[in-house]
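This report looks at how helices are packed and covered in one chain. The sequence and structure come next.

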Amino acid sequence: MSIQKSKHIAKKSDVTIISPISPAKTTEVYDTYWKFAALRQEVFFNKIENNSYPWSNDYIINTYRFTNAYRAADRVSQYLISKVIYSPEFSKSPKEVLFRILLFKLFNKIDTWELICSHIPRPTFEYYNFNEYNKILNDAFNAGETIYSAAYIMPSAKSAFGYTRKHSNHLKLIELMLKSDTDEKLSNALNMQSAFEIIKSFPGLGNFLAYQLLIDINYSTIINFSESEFVIPGPGALGGLSKCFLDTGGLNEKEIIKLVTDRQELEFERRGITFKTLWGRGLQLIDCQNLFCEVDKYSRVRHPEITGKGKRKRIKQKYKRNLKPIDFWFPPKWNLNDKIVSNIEN
């Protein structure tokens, strides 16, 4: 087996061909990718089954913060799904659902949503007033409160709307998207990529953020596409891909993620790994994309000699236990929620 020169440091014995129909060559980090997915999913089930802490025998997972193997199982996504999108307290009209999703996700922080709701118990676009919302966020900002999540960086969109404060521009972005009948345009989109292009057309929403918003909107009933229909790899995922693959064999990043997703059962089986799915739901493109981002971080400790395209050498965020319980609940169209109840009761 020939191995091309690369800045990766990998032993010849660690390099495998991912598929008999593809010349893509992998490093040992690719093996770690599947082990990490199973370990992180094991933590997920240990938590919900109330097993004792620590939930993993892996010291890296116990020390540092990583997202779940399934994006929808993360705390913020769970809150969005159950408390923002499907809460019986709120209107089910597509425009109002989209308003709530944007209001929550542009800040991506539970505390910010709850701050707004403490002043406006049932936020609606019908009675939306920019000055009212802006004052709430201004007061929080001036008090030194953190309005935005650290999960990813939100561009300010100042060039489009002209406000000094980032949150003011994002409120105006929400206004623009709702006044442009984006809910109707999304509902009429023929496929996930078309929906993505609609979201991306707005100021400040590049490929990564538009895709993340698309996945969040797809949790609702506004659109209903398969999560394995379309993918956009983010910067972290690109870093993980560069550590997992010496050579992609001419496949682009989207194609590699699709290939990996399609082969998940085979990849777990050939390594003798037992992977417990999300009550029968396999990993989707968005999940495998996220796992590449997470293995990029994980490998900084597990495989520090394999640098890939990334420059970061350490993991910033340490794991801190959050003792607030989560009543796991997924989009009803996935048909998982009855299985969760049955699993917990058993």
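In this predicted model, helix 10 and helix 11 pack at an angle of about 120°. An angle over 115 but not over 145 degrees falls among the rest, which count as oblique, and helix 10 and helix 11 are therefore oblique to each other. The axes of helix 10 and helix 11 are 9 Å apart, and helix 10 passes helix 11 in a right-handed crossing.

The two helices and the residues through which they meet are set out below.

| Helix | Residue range | Residues in the contact |
|---|---|---|
| Helix 10 | residues 192–200 | Met192, Ala195, Phe196, Ile199, Lys200 |
| Helix 11 | residues 207–218 | Asn207, Ala210, Tyr211, Leu213, Leu214, Ile215, Ile217, Asn218 |

By class, the residues of this contact are 10 nonpolar, two polar and one charged.

Helix 10 also takes part in covering helix 8: along with helix 4 (94–105), helix 6 (130–142), helix 7 (158–161) and helix 9 (182–187), helix 10 is included in what covers the buried residues of helix 8. How many of the 14 residues of helix 8 are buried? The count is 10, and helix 8 is mostly covered. The buried residues are His167, Ser168, Asn169, His170, Leu171, Leu173, Ile174, Glu175, Met177 and Leu178.

Helix 8 runs over residues 166–179. At 1.5 Å a residue, its 14 residues should span 20 Å, and the end C-alpha atoms are 20 Å apart, so the expected span and the model agree. Just after helix 8, aspartate 181 has a positive phi of about 55°.

How values were computed
Residues numbered from 1 in each chain as written. Predicted model: local features only at pLDDT ≥ 70, side-chain atom pairs only at ≥ 80, totals over all residues. Heavy atoms only, no water. Axes fitted to C-alpha atoms, helices over the stretch in contact; angles between N-to-C directions. Helix = DSSP H or I, 4+ residues; strand = E, 2+ residues; numbered from the N terminus. Parallel < 35°, antiparallel > 145°, perpendicular 65-115°, else oblique. Left-handed = near helix turned anticlockwise from the far one by under 90°. Contact = heavy atoms within 4.5 Å. Nonpolar A, V, L, I, M, F, W, Y, C, P; charged D, E, K, R; others polar. Expected span 1.5 Å × (residues − 1). Buried < 20%, exposed > 50% of the residue type's maximum accessible area, 1.4 Å probe, protein only.
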